[in-house]
Structure formats: C-alpha cells, structure tokens
Amino acid sequence: MDSGMNQLLKWSIENSESTHNDSTDPKAERPSGRGLNQEALRSLMGGPSDADLMKSSMAAIQSPDVSLEDKLVAFDNFEQLIEIVDNANNLETLALWTPLVAELSNVEAEMRRMAAWCIGTAVQNNVKSQERALAVNALPNLVQLALEDPDDQVRRKAIYALSSEIRNYPPALRVMVQELPKELRPESIIDAGDMDDVDKVMDVIKQASGKNKT
C-alpha cells in the first residue's frame, strides 16, 4: 500500500472512531478532512501521485518535443514538488538525480538555472539528499557554474545550491573546496557545522562570481 493510501486509511479509522465516540454529543463537531495531505487526497480521487508528477515533469524537461517555455513550467512544478522532504528523498528511488544534474550542462541558461535551483531545494537541511548530490558528482558542475557561467542568475542559483549542499555536511564541503581554484581555497580548515565559517567561504565564491558579471 502506498503512503497516500496508508494515510487515508489511518485518517478514516481515526475519524470513524471520533464519530462513534461523539455520536451522543449533540454539540460534537463533524470530522473534517484536515490531516489528509495532497498525496492521500489524490489516492482517494484516483489522481497521479507526487512520484508520478515528478517523473512526468522530468520527462517533459528532457523531451526534445517540448518547448523551452513548457520545459520551464515543468521545472517549476518539479521544484515545488521537491520542497517536500519525502519527495526530495524519493529522487534516488525514481532515478531522477542523474537527469537533474545533467541539466546543469544544458545550453539554455534558464534550464541550467532551474537545475541548480532544484538541487539547492532538494539538499537544503536534508542530509539524505546532500549525500545523493555528492554521490552523483553534482559539486564540480555547480562550482563551475558559480564561478564561470556567463548568466548572473545561473551563478546565483549555483551558489545557493552549493551553500545548501555544504552546510552541516563535511564531505560535500571538502569536495567543494578541492574544486575551487587554489586562490579561492580557505587557508584554514572550515567547519561545515559552523555557519560563520561556511558563510565566509561562500562570500569568497560570491565575490569571485561577481567578477564574471556580464
């Protein structure tokens, strides 16, 4: 049973018990739909799950038959879906990390921007997703985009993704530092759990990125 249907069953049981217990109380409120998330409601109505929507969004993003405008709409939908931690963690199960990282190399700046944005959203305060982003080698591409991309908005989103990826996750911080040009590397060891330390190294990247403004 999928998670949406499981929650639906749990909600149904709880509200049935509530209705039975309060049946003799004329002032008792009728149970509402509160507590049901969108996944459960879609299961009830027979609609697509979040996983289905994520896969269809990525299919549109990758399709040569979809216009750039529609690809960006699909990317925006994808980003909103992975704001939910469970969906972000489901990227691995759905095999969506590799195609997402591949979009960092898209010839269209807007697509590169959206890819970096989605990675930043997925990894923010999420160790499982931070591990996956590191495993699929997203960091070298993000560092390159942050420092060298000709588009300012792409650089900004790449910096956002890097900042989210390295916070409280030392393995990613070490890889990022190794990918930086020697002149940008911190002279002392940076603590991924010290936000002041992280902010300092990110400020160096921002300053270097700013020199590439068009």
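**Helix H9 and the salt bridges**

Analyst: Let's start with helix H9 in this predicted model. The cover over its buried residues includes helix H6 (97-102), helix H7 (109-123) and helix H8 (127-135). It also includes helix H10 (152-166), helix H11 (170-179) and helix H12 (195-210).

User: Which residues of helix H9 are buried?

Analyst: H9 covers residues 138-148. Its buried residues are Ala-138, Leu-139, Leu-142, Val-143, Leu-145, Ala-146 and Leu-147.

User: New topic. How many salt bridges are there in the whole structure?

Analyst: A search of the whole structure gives 5.

User: Which side chain does Arg-132 meet in a salt bridge?

Analyst: That of Glu-92, at 3.8 Å from N to O. Arg-132 sits in helix H8 and Glu-92 in helix H5 (residues 85-93), so the pair ties together parts 40 residues apart in sequence.

User: How exposed are those two, starting with Arg-132?

Analyst: Arg-132 is partly exposed, with a relative accessible area of 26%. Glu-92 is partly exposed too, at 39%.

User: Why would such side chains pair at all?

Analyst: Side chains of opposite charge can pair when their charged atoms come close.

User: OK, on to helix H10. Which residues are linked in a network of salt bridges?

Analyst: Asp-152, Arg-155 and Arg-156. The side chains of Asp-152 and Arg-155 meet at 3.3 Å, N to O. Asp-152 also forms a salt bridge with Arg-156, and there the closest N and O atoms are 2.8 Å apart.

User: Where do Asp-152 and Arg-155 lie?

Analyst: Both are in helix H10, 3 residues apart. That is about one turn of the helix.

User: And how far apart are Arg-156 and Asp-152 in helix H10?

Analyst: They are 4 residues apart, so about one helical turn separates them.

User: Why do spacings of three or four places matter in a helix?

Analyst: An α-helix has 3.6 residues a turn, so residues three or four places apart point the same way.

User: Back to the network. Is Arg-155 buried or exposed?

Analyst: Arg-155 is buried, at 1% relative accessibility. The cut-off for buried is under 20%.

User: What about Asp-152?

Analyst: Asp-152 is partly exposed, with a relative accessible area of 22%.

User: And Arg-156?

Analyst: Arg-156 is partly exposed as well, at 47%. So Asp-152 has a salt bridge to a buried Arg-155 and another to a partly exposed Arg-156.

Note on methods
Residues numbered from 1 in each chain as written. Predicted model: local features only at pLDDT ≥ 70, side-chain atom pairs only at ≥ 80, totals over all residues. Heavy atoms only, no water. Buried < 20%, exposed > 50% of the residue type's maximum accessible area, 1.4 Å probe, protein only. Helix = DSSP H or I, 4+ residues; strand = E, 2+ residues; numbered from the N terminus. Contact = heavy atoms within 4.5 Å. Salt bridge = Lys/Arg side-chain N within 4 Å of Asp/Glu carboxyl O.
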